[in-house]
Amino acid sequence: LPGYLEAKCRKPVWKLGQNSAGLYIRFRAETDSVYVRWTPKFDNHMYHMTDVGIKGLDLYYLTDDGWRFCRSARPKGNGSVSKMKVGGEETEYLLYLPLYDGVSSLEIAVDGDGTIGQPLVKSPSAEKPVIMYGSSILQGGCASRPGMAHTNIMSRMLNRPFINLGFSGSGKGEPEIARQIATIADPAM
């Protein structure tokens with residue numbers, strides 16, 4: 001959630017609004033390995049959900065048939081580094097951020113002779129977003145990894161951006177969130 005909502009939202013909504021469910025980074029790289037180093041914002045833990053889903057990362061690559069899962073980056077404490085082997089050819093990548101935590105820092109690197117840059121393909125497209133508001137299942141509750149939250153699956157399938165406004169246990173129709181949703185001009189749904 002944007003910073004100006006902090007004073008207007010209930011504390012549980014504000015804290016959950018700092019989680020990165022539904023957010024991703026897009027890039028293009030030619031490399032044998034992608035390296036990610038990140039620090040979870042809260043270092044959250046839950047007994048009923050995997051750490052990869054809570055505070056890990058998920059890497060996908062684009063093929064002619066759509067997005068395909070590549071690797072997950074598993075968190076190791078409150079500051080993680082992960083090496084993910086990839087194909088070596090120039091490829092479009094999508095890196096999903098944690099579902100039940102935020103990220104206070106994130107670095108992406110490639111092998112010394114590799115290249116990394118801006119994506120060339122708009123996927124998900126820049127078309128009108130689908131806005132979804134709800135509670136834990138929407139946020140990604142119990143998904144084994146970030147790419148498996150149903151909003152992320154639908155975004156890849158429909159090639160359309162989804163805005164995930166899931167607030168676990170706190171999707172109670174707050175007027176502040178409704179007003180924020182209303183600021184998004186001409187959404188698809």
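**Salt bridges, helix faces and backbone features of the predicted model**

At 7% relative accessibility, Glu174 counts as buried (under 20% relative accessible area, with exposed meaning over 50% and partly exposed in between; 1.4 Å probe, protein chains only). The model is a predicted one, in which local features need pLDDT of at least 70 and side-chain atom pairs count only at pLDDT 80 or more, while totals for chains, interfaces and linings use all residues. Residues are numbered from 1 along each chain as its sequence is written, and side-chain values use heavy atoms, with hydrogens and water left out.

Glu174 makes a good starting point for the charged contacts. Its side chain meets that of Arg10 in a salt bridge, with an N to O distance of 2.8 Å (a salt bridge being a side-chain nitrogen of Lys or Arg within 4 Å of a carboxyl oxygen of Asp or Glu). Because Arg10 lies in the segment before helix 1 (11–16) and Glu174 in the loop between strand 10 (162–166) and helix 5 (175–182), this pair ties together parts that are 164 residues apart in sequence. Helices (H or I, at least four residues) and strands (E, at least two) are DSSP runs, numbered from the N terminus. Unlike buried Glu174, Arg10 is partly exposed, with a relative accessible area of 35%.

In total, the structure holds nine salt bridges. Side chains of opposite charge can pair when their charged atoms come close. One of the bridges joins Glu107 and Arg37 at 3.0 Å, N to O. This pair links distant parts of the chain, with Glu107 in strand 7 (residues 103–110) and Arg37 in strand 2, 70 residues apart. Both partners are partly exposed: Glu107 has a relative accessible area of 42%, and Arg37 has 45% relative accessibility. A further bridge is found between the side chains of Asp186 and Lys128 (3.1 Å, N to O). Here Asp186 lies in the segment after helix 5 and Lys128 in the loop between strand 8 and strand 9, so the pair ties together parts that are 58 residues apart in sequence. Lys128 is partly exposed, at a relative accessible area of 40%. Salt bridges also link Arg26, Arg28, Glu90 and Glu92 in a network.

Charge also gathers on the surface without such pairing. Glu30, Asp32, Glu89 and Asp113 form a negative surface patch. Patches are made of residues with over 30% relative accessible area and no salt bridge, like charges being joined within 9 Å and nonpolar side chains (Val, Leu, Ile, Met, Phe, Trp, Tyr) within 5 Å. Of the patch members, Glu30 lies in strand 1 (residues 24–30) and is partly exposed, with a relative accessible area of 40%.

Two helices invite a look at how their faces are divided. In helix 5, the buried residues are Glu176, Ile177 and Gln180. They lie on the same side of helix 5 because they cover an arc of only 95 degrees around the axis (the arc of the directions from the helix axis to the C-beta atoms). On the other side of helix 5, Arg179 and Ala182 are exposed. Helix 4 (residues 150–158) has Thr151, Asn152, Ser155 and Arg156 as its buried residues. Their arc of only 135 degrees around the axis puts them on the same side of helix 4. Met157 and Leu158 are exposed on the other side of helix 4.

The loops hold several backbone features of interest. Most residues other than glycine have a negative phi, and most peptide bonds are trans. Asp43, although not a glycine, has a positive phi of about 55 degrees. Asp43 is found in the loop between strand 2 (33–40) and helix 2 (51–55) and, at 22% relative accessibility, counts as partly exposed. Cys142, also a residue other than glycine, has a positive phi near 70 degrees. The place of Cys142 is the loop between helix 3 (136–139) and helix 4, and its 49% relative accessibility makes it partly exposed. A cis peptide bond, with omega about -5 degrees, joins Ser123 and Pro124. Pro124 lies in the loop between strand 8 (115–117) and strand 9 (130–134).

Finally, Arg71 is placed in strand 4 (residues 66–73) and is partly exposed, with a relative accessible area of 39%. Its C-alpha atom is separated by 17 Å from that of Leu106, and the two residues are 35 residues apart along the chain.

Methods
Areas by Shrake-Rupley, 256 points an atom, 1.4 Å probe, with all protein chains shown as cover. Lys, Arg positive; Asp, Glu negative; His and termini not counted. Charge placed at Lys NZ, Arg CZ, Asp CG, Glu CD.
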